[in-house]
Structure formats: C-alpha cells, structure tokens
Amino acid sequence: MPDQPWLALYPAGVPSLVPVRHRSLIDAWAERVAANPDAVAVAYFDGTLSARELDAASDALAAAWQSMGTRRGDRVGVYLQNIPQYPIILLALWKLGATALVLNPMYRRQELRRLIDDSEASGLICSDASVDELAETLAGSTVGWLVSTSSLDYQTRNDPRIFASVERFAPAPDGDLLYLLEKFRGARPEPVDVNLDDVALLAYTSGTTGPPKGAMNTHGNLLAVIGSYSTWISLGPDDAVLAVAPLFHITGAVINASIALLTGATLVLANRFQAEVMLEAFAEHRVTFTIGSITAFNAIYALPQASREHFATVKLLYSGGAPIPPTTVERFQERFGVYIHNVYGMTETTSAVIAVPPATPAPVHEPSGTLTVGVPLPGLSARVVNPAGVELKPGEQGELELSGPQVVPGYWHRPGETEQAMPRGRLRTGDGAIIDEQGWVYLVDRLKDQINVSGYKVWPREVEDALYEHPAVHEAAVVGLPDEYRGETVVAYVSLKAGATAAEDELIVFVRERLAPYKCPRVVHLVEELPKTQTGKIRRNVLRDGGTA
Ligand code: AMP
C-alpha cells in the first residue's frame with residue numbers, strides 16, 4: 001500500500017503539503033489587511049468592522065497592554081463569548097507575542113482558578129457582568145490586571161433573544177476595553193519579534209488522561225492548519241464564515257475565527273449559540289462556510305421555520321468534535337440541500353486535521369455503522385498502531401497516532417505528560433480507529449475515559465472530585481451514556497456514607513455550583529455499593545453497560 005493512499009481522494013489542486021509561508025500569524029494578518037483594507041473583516045448583528053478598523057483597534061489595544069506591562073510569552077485569559085472584541089484581543093495579543101489563554105465563560109470559580117494558576121496568567125478580559133465574581137475568584141492569583149467589556153458593543157440591534165437579560169455594569173478596575181481603545185487611539189505597540197514557535201493559544205484539555213493541561217498551539221501550528229484547511233475548502237476573500245462553534249474552543253478559535261481573519265473572509269459572530277439567531281445569520285450575512293458541533297446543526301434542524309433559503313449561499317458545511325449518525329447527514333441534506341461533511345481534530349492538533357473532501361459523499365464502515373471522519377489533510381501523518389506502537393495494516397483496528405506541523409509541541413509546563421501523550425512528536429489520540437485501503441479514517445472506539453457532550457469533553461474524574469466534596473458522598477463514579485440530542489450525557493452513580501442522606505437533585509445542584517453546566521450529571525443514581533474489581537478499582541464500564549454489581 002502506498003504511504004498515503006488518501007492522496008488519491010484529495011480535491012483537484014490540493015497538494016500533499018501546504019508549506020507555511022508566513023513568519024507569524026501577524027505577518028499573515030498584515031498581508032490580508034494590505035490586500036483589501038476596506039473589506040468587512042467582522043460582522044456582528046447590524047455592526048461591522050473593516051480589516052483596517054480591526055487592525056487599528058488591535059494596535060491600540062496592544063499598545064495599551066504593553067503600557068500595562070504585558071510582554072512576549074505572557075499568558076492572558078480571554079473569558080468571553082463570540083463577540084467582536086474576541087478577534088481584536090487575539091490580534092492584539094499576537095502582536096505582542098503574548099498567548100491567548102482561551103477560557104470557557106461557563107467555567108465556575110474553582111474550575112477557572114485552576115487554569116489561571118496552572119498557566120500563571122498575568123491578565124484577564126471578561127464581560128462586565130462577571131467583574132465582581134472574578135475579583136473574588138482571582139484574589140491572590142498571578143493576574144495583575146482585569147479588563148472588562150460588554151457584548152452590547154459593536155451593534156445596535158439588541159436582539160432580545162440574545163440581549164434581553166444583558167445589562168451594562170461598571171467596568172473592571174483596569175478599565176473597559178472600548179475606553180482603552182479610545183485612550184490609545186492611533187497608538188501602535190513597540191514592534192515585537194514574533195516567530196512560528198511563539199505560543200498563540202493556550203487551550204486546556206483533559207487529553208487522554210489526567211487533569212486539564214494547556215495545549216500550546218503555536219503560530220506555526222495555527223498557520224499549518226489554516227493553510228491546509230483553507231486550501232482544502234478553497235476559502236478566500238469572497239467567503240463569509242459564521243462562527244457556530246465557540247471561539248474559546250480550539251475549533252472556533254482556529255477554523256471559524258483565525259481562518260476567516262487570515263484568508264480575507266468575513267467572520268460573522270452572533271454571541272453565544274442560539275439556534276434561531278444562528279439560522280437567521282446564515283441568510284442575513286450570506287454565509288458560505290461554517291463548522292459546528294452536530295448538536296448545533298440538530299438544534300437548527302429542529303426549528304420549524306428553517307428552510308432551504310436560509311442556506312442558499314452555503315458552499316460547505318462541516319461538523320466535528322463528536323460522532324455524526326449517518327442518518328443526520330441524510331435528513332439535513334434532504335431538507336436543506338446542504339451536505340454536512342465530517343471533520344476530526346483535537347485541541348492538540350490545533351483543530352481540523354482529518355476531513356471529508358468537499359462534495360464527496362462520506363463512506364460508512366459497514367460492520368460498525370460508523371461514518372468516516374474523512375482523510376488526513378495536507379501535511380498530516382496518520383497511522384493506526386497497536387499498544388506497543390507498531391503500525392497496523394489497513395483495516396486493522398488500533399489507536400490513531402498523528403504527527404505533523406499541526407500537532408502542538410506539548411503541554412504547558414508538563415514535560416512528563418507531553419512525553420507520554422506525544423512521544424517523539426507522535427500524538428497518541430486515545431481514539432480507536434481503522435484506516436482502510438483507500439485512506440478513509442473511521443473512529444470505531446474510544447480508548448480514553450472521556451465523555452463527549454455535544455462536542456464538549458468531560459473528564460469523569462473532575463465530576464467525581466466535585467461530588468466527593470459533598471459531605472454525604474462515600475463513593476462516586478461518573479460515566480457517559482448515549483443521548484440522542486447531545487451524543488452523550490453525564491450520569492453519576494453515588495453511594496452515601498453510613499447514616500448520611502442526600503437527595504439526587506441536591507447532588508446535581510451541588511455539582512452545578514462547582515462546574516460548567518455541561519459537566520453536571522443530568523441524572524444521579526444512588527446505589528448501595530459501586531461495582532469494583534478485585535483490587536477495589538471502580539468499574540465504570542459495568543455502569544456504562546447498565547449494571548451496578
Ligand atoms: P477536543 O480536544 O475537545 O477537540 O476533543 C478531541 C476529541 O474529540 C477527539 O480525540 C475525538 O475523540 C473527538 N472527536 C473529534 N472530532 C470527531 C469526529 N468528527 N467524530 C467523532 N469524534 C470526534
């Protein structure tokens with residue numbers, strides 16, 4: 001078999017490698033601005049920012065932060081939804097050679113604090129509504145400045161479906177972002193020599209094991225993914241990319257935001273996901289491409305008013321992060337005339353690295369009924385290996401192992417975990433896979449203890465640890481069970497201490513106070529005893545299969 005049989009499936013004109021031609025993301029951004037400064041770079045409801053305006057705003061912000069002491073290599077937390085300030089912030093940080101620590105605004109106090117402490121972030125940008133809570137959460141941390149902003153800025157429509165409960169609050173101690181932009185209007189940062197090895201994003205993931213670790217997505221990683229993926233889908237200045245995925249997740253940050261910014265396309269933002277608003281955004285902004293979780297597309301599908309007209313300008317739709325039932329693709333295409341292409345990526349691969357070629361029907365692996373995730377994109381080396389790391393033959397099942405310019409150099413300050421997860425730069429994905437003779441990749445098993453809720457990954461240990469904080473809990477085990485809408489749902493099995501009492505609902509509320517809502521068990525089963533191995537290890541697989549003994 002040839003080394004890379006999948007090359008025969010590549011769209012015409014797509015090479016086996018798309019070399020990185022820029023010195024940094026900022027170098028690529030400068031080229032885009034120069035090519036067409038007046039083109040709309042960002043659209044947000046009825047508001048827009050041209051490339052020139054976005055460039056000037058990010059210059060001003062970079063100058064402001066430089067004056068506040070932010071330097072190359074510093075980590076700065078971005079704790080926001082999909083709003084225009086996000087791309088301004090990313091560009092400003094990259095101009096300084098600083099790293100955007102992308103944070104889910106759903107994270108609760110301890111969840112957030114853990115990541116701040118681990119990354120030793122020096123600053124943070126949040127919504128003005130969360131300033132008070134954050135001031136407490138961040139007390140005594142490495143965070144030296146807190147800047148806030150409002151999602152009401154950069155638009156005037158105030159769509160009640162998004163903004164009904166959004167008010168303006170007093171800014172953070174170090175100022176409101178728009179105020180800083182005004183104060184530093186026309187200023188530019190002192191030039192910083194940023195190169196491909198600088199870390200552009202620090203994105204936390206539980207990986208295959210252990211507590212959350214910061215994957216260091218470098219400028220080189222992002223440019224490799226943007227180069228290969230934009231070539232794959234022929235993305236360019238005539239395109240409008242709707243950010244269906246959240247920008248705090250690697251897919252949103254790279255394949256919605258950065259790819260649009262750097263290829264000259266318009267980035268369409270619509271704040272947090274609201275199905276009706278997203279649906280209308282497709283038509284209003286003449287969207288040509290997006291990538292989102294299958295749950296997001298299912299939510300849109302469920303809207304009775306959704307019609308072919310909404311998708312009339314769409315050239316390509318991709319969905320990644322979670323398995324896609326083949327029937328979902330079929331019914332979406334039947335109703336809207338648009339085909340959902342599968343795409344695979346991880347935080348550690350800087351998002352999309354395996355994808356179905358445009359306009360190519362994806363085959364299904366008959367024995368398992370699994371829809372292919374596609375073929376490796378330019379530059380990616382993909383193999384299936386056995387536990388000893390030996391490459392298996394086409395059609396044989398093992399662990400998917402990936403390497404190439406898309407794979408991060410490691411986890412922040414964790415050489416041990418890095419060596420374990422990606423020995424000699426070869427990333428062990430924890431995904432059980434088959435690559436067939438033609439090069440199609442099928443994910444047929446999961447080797448890691450991860451729950452996949454609408455594309456968000458939940459690490460059972462984190463939920464169990466939260467449950468153990470409850471005084472009545474003796475033992476806890478958390479598993480993912482199939483769920484038609486979310487893919488999987490979090491379910492906890494708990495035994496109580498002798499003589500203690502706690503209701504199922506009380507335990508759910510207890511976890512909700514500590515963890516983001518998607519991590520909270522939807523069901524808690526109180527049991528006498530949890531099933532264990534002879535050595536006393538809790539057998540999660542027995543619980544997953546429905547038994548408790
Ligand atoms: P994350 O690091 O949060 O992006 O999660 C990466 C994991 O999501 C992968 O290791 C897979 O287990 C899963 N995943 C990503 N894309 C797909 C897909 N298209 N189909 C099934 N699972 C996927």
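**Close-up views of a predicted model**

**View 1. The second largest pocket lies between two domains.** Domain 1 (5-10 + 23-431) and domain 2 (451-544) both give residues to the lining of the second largest pocket, so the pocket lies between them. The model is predicted. The space in this pocket comes to about 920 Å³. Its lining counts 38 residues. Nearest the pocket centre are M106, F273, T295, S454 and Y456.

**View 2. Lining of the second largest pocket, by element and class.** Four elements each supply at least two lining residues: β11 (289-292), α11 (294-301), β25 (487-496) and α15 (504-512). Sorted by class, the lining has 19 nonpolar residues. Another 14 are polar, and five are charged.

**View 3. Domain 1 against domain 2.** The domain assignment splits the protein into domain 1 (5-10 + 23-431) and domain 2 (451-544). Their C-alpha centres are 29 Å apart. Across the boundary, 20 residues of domain 1 are in contact with 17 residues of domain 2. Both domains also contribute to the lining of the second largest pocket.

**View 4. An open sheet of nine strands.** The strand order is β2-β1-β10-β9-β11-β12-β13-β14-β17. Pairing in this sheet is mixed. At the edges are β2 (47-50) and β17 (375-376), each paired on one side only.

**View 5. Strand β9 beside β11.** Within the nine-strand order, β9 is followed by β11. Strand β9 (residues 240-242) and β11 run parallel, joined by two bridges. V241 stands opposite F289 in β11. β11 also supplies at least two residues to the lining of the second largest pocket.

**View 6. Helix α11 on the nine-strand sheet.** α11 lies across three strands: β11, β12 (316-320) and β13 (340-346). It runs at about 125 degrees to β12. These strands follow one another in the sheet order as β11-β12-β13. Like β11, α11 (294-301) supplies at least two residues of the pocket lining.

**View 7. An open sheet of four strands.** Here the order is β18-β19-β20-β21, and the pairing is antiparallel. The edge strands, β18 (381-385) and β21 (441-446), each pair on one side only. From one strand to the next, the twist averages 50 degrees.

**View 8. Strands β19 and β20 of the four-strand sheet.** Four bridges join β19 (residues 398-403) to β20 (residues 427-435). The two strands run antiparallel. E401 stands opposite R428 in β20.

Notes. Residues are numbered from 1 along each chain as its sequence is written. This is a predicted model: local features need pLDDT of at least 70, side-chain atom pairs count only at pLDDT 80 or more; totals for chains, interfaces and linings use all residues. Side-chain values use heavy atoms; hydrogens and water are left out. On a 1 Å grid over the protein atoms alone, a cavity is a set of points where a 1.4 Å probe fits but cannot get out, and a pocket is an open set with protein on both sides within 12 Å along at least five of seven lines; lining residues have an atom within 4 Å of a point. Grid points are joined across faces, edges and corners, and a volume is the space filled by probe spheres set on the points. Ala, Val, Leu, Ile, Met, Phe, Trp, Tyr, Cys and Pro count as nonpolar, Asp, Glu, Lys and Arg as charged, and the others, Gly among them, as polar. Domain bounds come from an automatic or database domain assignment. Two strands pair if DSSP finds at least two bridges between them. Contact means heavy atoms within 4.5 Å. Axes are lines fitted to C-alpha atoms, for helices over the stretch in contact, and angles run from 0 to 180 degrees between N-to-C directions.
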